[in-house]
Amino acid sequence: MTSRRNFIKNSGLAVVSVLALPSLAFNMNKKEIGLQLYTLRDELPKNVKDVLEKVASAGFTTVETYGFSIKDQFWGLSAIELKKILDENNLKAISGHYGIGSFLADGNTTELEAAINAAKILKSKYLTIPWVDPPFRSNIDDYKKIAARLNEAGRMCQKADIKLAYHNHDFEFENYNGITGYNILLKETDQDLVYFEMDLYWVVRSGKDPLQLFRENPGRFKMWHVKDMDILKPVLNTEVGSGSIDFKPIFKEAKLAGMKYFFVEQENNFAVNSFESIKTSCDFISKNLI
């Protein structure tokens, strides 16, 4: 039988061991598991309340929104109405993917301002830009312009006490005479104004190494999308832990990356249905990665 003295002694040794491994301590304390709601895009607009109840029941504590527009807000709900449903399910909308109209091309701030207002109502920490249309990202100069616009948007968000983030796909890693668009965005954006949400799937899909990006740009990747790659068909997603991406070494370097929040995302190829898939991913992360 373990005595109280031995228990305290052993507990102390365990604490010392954790403190000696800061990245491990970081992971052990990271309890929140988020979901990018785009995963449930077929179900969510039909019944937001029911879907968010299921998200919470699956084990998620944070979400990332998508699909906001000035006209329809969030699937027909105002930001105030959505916040109420989130609160009822103990969910926090840490981030949101917001289309900001033509801002990156021409600087028109109308939709960006509306997105900032919605994010403030939801009490989100991050407003995330999810996509750049093809005509505006065809060369190095385009990416330099995007970086300048991101800095401008970052200042607007900062004044509203929100952080601006940028989410990648694979097109940012196209090579232009030895430099990628992602290199330009990282180099020419202000680290105090623009943060990055790394989509791990798209980084791996592009042939890049997330760990190398962490080492080259420590602290810049405040959020991640945790999305696994199907073993047989890399163009498809799969449940986290069921695919070809080894997330364990990536999560061990969460502190180096600067990661504060992460969101499961699965866009297709659900084993049974989307609700079963998000539960499978959540369970794997909880048991194996944090």
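How near do the axes of H7 and H8 come, and at what angle do they cross? They come within 9 Å and cross at roughly 35°. That pair of helices is a good place to start a tour of this structure, which is a predicted model.

**The chain as a whole**

Let's set the scene before looking at details. The chain has 13 helices and 12 strands. Of its 290 residues, 49% count as buried. Among contacts with a separation of 6 or more, 77% are between residues 24 or more positions apart.

**Helices H6, H7 and H8**

Two packed helices are described by the angle between their axes and the distance between the axes. Helix H7 can be described this way with two partners, and the table sets the two pairs side by side.

| Helix pair | Distance between axes | Crossing angle |
|---|---|---|
| H6 and H7 | within 10 Å | roughly 35° |
| H7 and H8 | within 9 Å | roughly 35° |

Take H6 and H7 to begin with. H6 spans residues 110-121 and H7 spans residues 140-159. H6 passes H7 in a right-handed crossing. On the H6 side, the contact is made by Leu112, Glu113 and Ile116, while H7 brings Ala153, Met156 and Cys157. By class, this contact has five nonpolar residues, no polar ones and one charged residue.

Now move to H7 and H8, whose crossing is right-handed. From H7 come Ile140, Tyr143, Lys144, Ile146, Ala147, Leu150 and Asn151, and they meet Gly181, Ile184, Leu185 and Glu188 in H8. The residues of this contact divide into seven nonpolar, two polar and two charged.

Helix H8, residues 181-188, deserves a closer look: Gly181, Tyr182, Ile184, Leu185 and Leu186 are buried there. What do the buried residues of H8 pack against? Their partners are H7, the strands S5 (163-167), S6 (175-176), S7 (179-180) and S8, and helix H10 (210-216).

**Aromatic rings**

The structure holds 19 aromatic pairs. One of them joins Tyr38 and Tyr66 edge-to-face, with 5.4 Å from centre to centre and 85° between the planes. This pair links distant parts of the chain, as its members are 28 residues apart. Tyr38 sits in the loop between strand S1 (34-36) and helix H3 (48-57), and Tyr66 in the loop between strand S2 (62-65) and helix H4 (79-88). Are these two rings buried or exposed? Tyr38 counts as partly exposed because its relative accessibility is 31%, whereas Tyr66 is buried, with a relative accessible area of 12%.

Tyr126 and Tyr195 form an edge-to-face pair too, 6.2 Å centre to centre and with 85° between the planes. Tyr126 lies in strand S4 (residues 126-129) and Tyr195 in strand S8 (residues 194-199), so this pair ties together parts that are 69 residues apart in sequence. Both Tyr126 and Tyr195 are buried.

Aromatic residues also gather in a group. One cluster is formed by Tyr166, Phe173, Tyr182, Phe196, Phe214, Phe221, Trp224, Phe251 and Phe262. Tyr182 will be familiar, as it is among the buried residues of H8.

**A charge over two rings**

Finally, turn to Arg137. Over which rings does the charged end of Arg137 sit? One is the ring of Trp131, with the charged end 5.0 Å from its centre. Another is the ring of Phe171, where the charged end of Arg137 is 3.5 Å from the ring centre.

Key
Residues are numbered from 1 along each chain as its sequence is written. This is a predicted model: local features need pLDDT of at least 70, side-chain atom pairs count only at pLDDT 80 or more; totals for chains, interfaces and linings use all residues. Side-chain values use heavy atoms; hydrogens and water are left out. Axes are lines fitted to C-alpha atoms, for helices over the stretch in contact, and angles run from 0 to 180 degrees between N-to-C directions. Helices (H or I, at least four residues) and strands (E, at least two) are DSSP runs, numbered from the N terminus. A crossing is left-handed if the near helix is turned anticlockwise from the far one by less than a right angle, and right-handed if clockwise. Contact means heavy atoms within 4.5 Å. Ala, Val, Leu, Ile, Met, Phe, Trp, Tyr, Cys and Pro count as nonpolar, Asp, Glu, Lys and Arg as charged, and the others, Gly among them, as polar. Rings of Phe, Tyr and Trp (its six-membered ring) pair if their centres lie within 6.5 Å; planes under 30 degrees apart count as stacked, over 60 as edge-to-face and the rest as tilted. Buried means under 20% relative accessible area, exposed over 50%, partly exposed in between (1.4 Å probe, protein chains only). A charge sits over a ring if NZ of Lys or CZ of Arg is within 6 Å of the ring centre and within 35 degrees of the ring normal.
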